[in-house]
Structure formats: structure tokens, C-alpha cells
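The exercises below concern a two-chain structure and ask for a geometric reading of its helices, contacts and cores. Each task is followed by a solution in steps.

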Amino acid sequence: MAPSRSPTRILDDDHPMTAETISAPPRPAQRPLFRRRSAIPGFGLTLGVTLTILSLIVLIPLSAVAIKSSSLSPAQFLAAAFSERAIAAYRLTFGAAFVAAVINAVFGVLTTWALVRYEFPGKAVVNALVDLPFALPTAVAGIALATLYAPNGWVGQYLTPLGIKAAYNPVGVTIALIFIGLPFVVRTLEPVMRDLSADVEEAAASLGAGRFATIGRIILPALGPAWLTGFALAFARGVGEYGSVIFIAGNMPYKSEIAPLLIIIQLEQFEYANAAAIAVVMLAVSFLMLLVINAIQAWSRRFV
Amino acid sequence: MTAPTRAHARRPTDDPLWAKALVIGLVLAFLGLVLILPLAAVFAEALRKGLGPAVAAISTPDAWAAIKLTLITAAIAVPFNALFGLCAAWAIAKHDFPGKPLLITLIDLPFSVSPVVAGLIYVLVFGLQGWFGERLIDHDIKIIFAIPGIVLATIFVTFPFIARELIPLMQEQGVSEEEAAVSMGASGLYTFWRVTAPNVRWGLLYGVLLCNARAMGEFGAVSVVSGHIRGLTNTMPLHVEILYNEYDFVSAFAVAALLCLLAIVTLVLKSVLEIAQPDVKRGGGH
């Protein structure tokens, strides 16, 4: 196993034999390189397998996007990745994902509050149902939402007389992304809200703070990082979402066409490099979001 | 929350009744509109013309082929990711090495990649114009627009599910039990089976459950690599799309209802697991 050997060497270079106290005596056959904290065998093998599979399934195929798009000249790349149609698609994708994440942040915190703090009949069902978007195939959500919010649908028929069109336009895209993003906010907030110490709230109350002051100045700030993380996760998921959106979006170029759909359209026309160029933009945003989320979490850990 | 308190006065951490009612009302209305209504709509539309046409729709040969392909895909992707998850968690949670946070981030990467991009990358590698395109044609191997591509794309989008569940769980459990076993002469594999596996089995099951739901339901990535060949490379979600686009709504929603049942079973099992084994809910679940 070649891959298992190289990490060992890296490890050795960075940490030259600072053999720390081990709670269990090392096995006699152990190679000296492993005489760091762990006496547990299988490190080389499992790390090797992990790195190999990670590279084959994720890293190398992902690099294909960058390599394919680099076959375009800079001018061609810009023309493909930032054509007027592509920019309209990014605006819709990021805009709808942002609005949906904001709405989810508001209702997500209320939902989490109700689940953590209150007792009400059917709470267990509500709690399980919050994860529905994780478990329900996105295409199913898509056709269900399209049917509900279409002008003659269950909900749509009441919106039409009010002059609201909630399907086959950007509003429809946003509705689909609200569905997709909700559990990210709730499940990120939930453990943090559960761990909030009642002492602080009691202290605030005993010092004369009203309930609203306590919530606004004690509880919400403590939830801040988790809230932001949940928001960012919902936003990131919404940006890439495809299945639930295309059925309700209407998919009109320049109007209700999301960026992932544009990739598929380019693929169907065998414009692989153009598809890769748009994918590069989307991946760049994904990685940026990942960095932001990691930064928020690192920042919040400082306060724990 | 604690059982009814003896004190009659409202505790300072309790909200007034009207606030509770308002919050719960808002939450139920929102969840009803966003979650329950779509679920109800699927079953209502599927049964619009009665049970007969719905059952007929899921017993056509094309529907059966789609169900079979979905099951096959999940049957390969889930065990693969389980094995990977166990390997990754063993290396990461039971050993120390530099670059660990980076490795965890890389394993998480597929979560932040759009499913469509996930499909695209395999087209770029294995497709006709791709890196291995010509060589694959020479050897008459089909990956894109065939089952291997569907399996690969599914593995990609469900890649982090199980690893993400196991890594924090195994980190929390520490290494002392394994070290004790090893110091008494147990082999690595024996230690894994007799010490680690019993400790992580519920977390593993939890990850498998979520991974399976996503594997069976994946649409975007699979749609890019499948080619939508009826009876051959259509998974259930793709079959739903085709029927829906042909305005065969009853059939589309009938197959969708089957997928809804899968989702409901997943949620029920997940809730049961969370109640019986509260430890499993560590991974952050998505």
C-alpha cells in the first residue's frame, strides 16, 4: 500500500519523536514511527484507504471541472461563465437562496424555540417532520410544491385573486428553497439552544430585565454563531439545489432559470467546457461558503 | 423540560401563555404550509382517481425497473460509504496526525457541491469527450448514461453522511477502551469488532438511515449522468420526472407517494433511534 506510507513520513517530519506518555504499553511489534499518542493499530491502512477513496471519488473528479474549463481562453471563459444569461441565473439562484435562508432563519429560530422550550401536543411528530426535507427526495418535493402553488393549485388558487403569482417565477424558486433549507437552521440551533444555561436568564430576570430584554440581549446573542451557521448552511444548500426547484421555477431564460439548470442545458448542447465554466463559478461560491461556515464555527468556539 | 413545577408563580425562564400560544401557532402554521401540505398533496394527487390507477402506475414494467435500479444503487452506495466512513473515522478519531481538520473538511466537501456539478464531474471524467472517454469506448465499457455512472454520482452526493456521523461519535468515545484491548494482546481487527463496533453501531445505523434516504432520492446528480433511458437507467425520482413532464400526474404522484413512504419510514426509524439512543444525534445530521 503505497499511500499508507507517505502520511507516516509527513507525521514523522513534523513531530520528531516527542513520544508522550501512553496509557497502555506499546505492542512490541509496533513500528517506532507510530510511537505517538496512539497504540491502536491500523492507522496506515485506514488513512491510506480514506485518502485513496477520497481522491478517487471526490478530489480528482472535482479537479476535472477546473481542468476542463482551463481549455477555454480567458475571454471564452468569461463569455461562458458570465454571459448575460448566466449572470441572470446567478442573480436568481443567489437571490432566492438568500431570501429563503432569511425566512428560514426567522421561522427556524421560532421552531427551535418551540421544540426546545415548550410542550405541546404532537411535538414529537413536529420534531420528526422538521427533517422531512432531508428524507424526502427533492423531485417529489418539487412536483408537490408546483402542484400546490400553481395558479389553480390548493394554495395558488387563493393567491391568484390577490394578484400573487407563486409558481413558475422567482417566488416559486424561493418557496422550493424554503422547503429545502429549513432543517439546516433548526438542527444547527437546537443543540446550542438546549445547552443555554437557565442561570443566565434567571440572573437577568432577577436583575430586573423584562422577558423581551432577556431574549434580545442574552439569548439571541448567545445563539448568534449557530444561527449564522444555520443560515449559511441553508443558503449554501439552496444555491446548489436543483430537483425541487426546476418543477416550480418555470425555467424561463433570464427570468426563472437557475444556475444548475444552465449547466444541464450546456451539457445537453455538448458544450462541456461552458458547463464546466459555470460549475467553476458555483464551486468557488460553495468553497467560499464552506470557509465562512468554518470561520463562524472557529469564532464561536472561542466563546465556549 | 421539567415536569410541572410546584410553584404557582411563573418562573423567570418561562414565557407568558400568550407568547407560547403565538409562537406555537406561528410554527405550526409555517410547518403546515411548508412541510405537511406538500406531503398531503402527493398522496391526494396519487389517489385522485382512486387506488386502482395508483397501484397500476407503480406496477408497470418501467416503474418496476426504476424501483429495482434505485434499490441496486442504494445497495452499492450505502455499504460503500459505510465502509469508507468506518475507515475514515478509525483513522481520524483513534489517531493523531497533522492536517486532520483539512481532511474532515475535504470529506464534507460533497455536501457543499451542487448535485448537478456532482453529475457533471463524472461526465467530464468518463463521458464521451472525457478523460477516459475513448479508452472506455474501445473496451466497450459504459459508465455515463449507464448504471455505473448512477452509482458513482450517488456515492458522491452521499459521501459524507456516514463518516460525518461516526467521526464525532468515535472522537467522543476516546481511545482508552481500544488501547486496553490492544495492550492485552488483541489484534486490530478483533479490537474493532469487539470493542469499537458495539460502541458505534447505533451511530452507524443512524448514518446508514440518512445516507440511504438520500441515495434513493437523489435527483440532480443522477439526472445528469443517467441519460433518462426508460426501463434501463431511470431511477425512481427520474421516473417521477418523466411521468410528470408527460402530464401523467396520477402515475407521477403514485411513484412519488412510494418515495414519500420511504421518507416517512426513515423519519420514524430516525426518531425511534434518537429516543432509544440519544447519543446518536451528534453528527449534526444532514
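Helices (H or I, at least four residues) and strands (E, at least two) are DSSP runs, numbered from the N terminus. This is a predicted model, in which local features need pLDDT of at least 70 and side-chain atom pairs count only at pLDDT 80 or more, while totals for chains, interfaces and linings use all residues. Residues are numbered from 1 along each chain as its sequence is written, and chains are lettered from A and ligands numbered from 1 in the order in which they are written.

**Exercise 1. Helix α8 of chain B**

Determine how many of the residues of α8(B) are buried, and what covers them.

Step 1. A residue is buried if 20 or more other C-beta atoms lie within 10 Å of its own, exposed if 12 or fewer, and partly exposed in between, with C-beta atoms placed from the backbone.

Step 2. Helix α8 of chain B spans residues 159-173, and 11 of its 15 residues are buried, so the helix is largely enclosed by the rest of the structure.

Step 3. The buried set consists of F159(B), P160(B), F161(B), I162(B), A163(B), R164(B), E165(B), L166(B), I167(B), L169(B) and M170(B).

Step 4. The cover includes α2 (43-69) of chain A, and from chain B it includes α3, α4 (100-108), α7 (147-157) and α10 (188-217).

Step 5. Just after α8(B), G174(B) adopts a positive phi of about 70°.

**Exercise 2. Positive phi at two tyrosines**

For Y168(A) and Y254(A), state where each lies and whether it is buried or exposed.

Step 1. Most residues other than glycine have a negative phi, and most peptide bonds are trans.

Step 2. Y168(A) has a phi near 60°, a positive value in a residue other than glycine. Y168(A) sits in the loop between α8 (156-159) and α9 (170-195) of chain A. Y168(A) is buried because 20 other C-beta atoms lie within 10 Å.

Step 3. For Y254(A), phi is near 70°, again positive and again in a residue other than glycine. Its loop runs between α12 (243-249) and α13 (259-268) of chain A. Y254(A) counts as exposed because it has 12 C-beta neighbours inside 10 Å.

**Exercise 3. Two helix crossings**

Classify the crossing of α11(A) with α14(A) and that of α4(A) with α1(B).

Step 1. Axes are lines fitted to C-alpha atoms, for helices over the stretch in contact, and angles run from 0 to 180 degrees between N-to-C directions. Angles under 35 degrees count as roughly parallel, over 145 as roughly antiparallel, 65 to 115 as roughly perpendicular and the rest as oblique.

Step 2. Within chain A, the axes of α11 (residues 211-240) and α14 (residues 272-301) come within 9 Å and cross at roughly 170°. α11(A) is therefore roughly antiparallel to α14(A). By class, their contact has 15 nonpolar, five polar and no charged residues; here Ala, Val, Leu, Ile, Met, Phe, Trp, Tyr, Cys and Pro count as nonpolar, Asp, Glu, Lys and Arg as charged, and the others, Gly among them, as polar.

Step 3. Between the chains, the axes of α4 of chain A (residues 84-117) and α1 of chain B (residues 17-46) come within 9 Å and cross at roughly 120°. α4(A) is therefore oblique to α1(B).

Step 4. Two residues are in contact if their C-beta atoms, placed from the backbone, lie within 7 Å. F107(A), L110(A), T111(A), W113(A) and A114(A) of α4(A) meet V23(B), I24(B), L26(B), V27(B), F30(B) and L31(B) of α1(B). This contact has 10 nonpolar, one polar and no charged residues.

**Exercise 4. Chain B and its interface**

Describe the make-up of chain B and of its side that touches chain A.

Step 1. Chain B has 13 helices and zero strands. Its C-alpha atoms fill a box of roughly 65 × 60 × 30 Å along the principal axes.

Step 2. Of its 286 residues, 49% count as buried. Among contacts in chain B with a separation of 6 or more, 76% join residues 24 or more positions apart.

Step 3. The contact between the chains takes 81 residues from chain B and 89 residues from chain A. On the side of chain B, α1(B) provides the largest share, 15 residues. That side divides into 56 nonpolar, 16 polar and nine charged residues.

**Exercise 5. The nonpolar cores**

Which residues have the most contacts inside the largest nonpolar core?

Step 1. A nonpolar core is a set of buried Ala, Val, Leu, Ile, Met, Phe, Trp, Tyr and Cys residues joined through C-beta atoms within 7 Å.

Step 2. The largest core has 182 residues, and L120(B) and A256(B) have the most contacts inside it. Helix α3 of chain B (residues 61-94) gives the most to this core, with 18 residues.

Step 3. Leaving aside neighbours within four places in sequence, L120(B) is in contact with V65(A), I263(A), L267(A), A275(A), A279(A) and V224(B).

Step 4. Another core, of five residues, lies apart, and includes A39(A), V175(B), A181(B) and V182(B).
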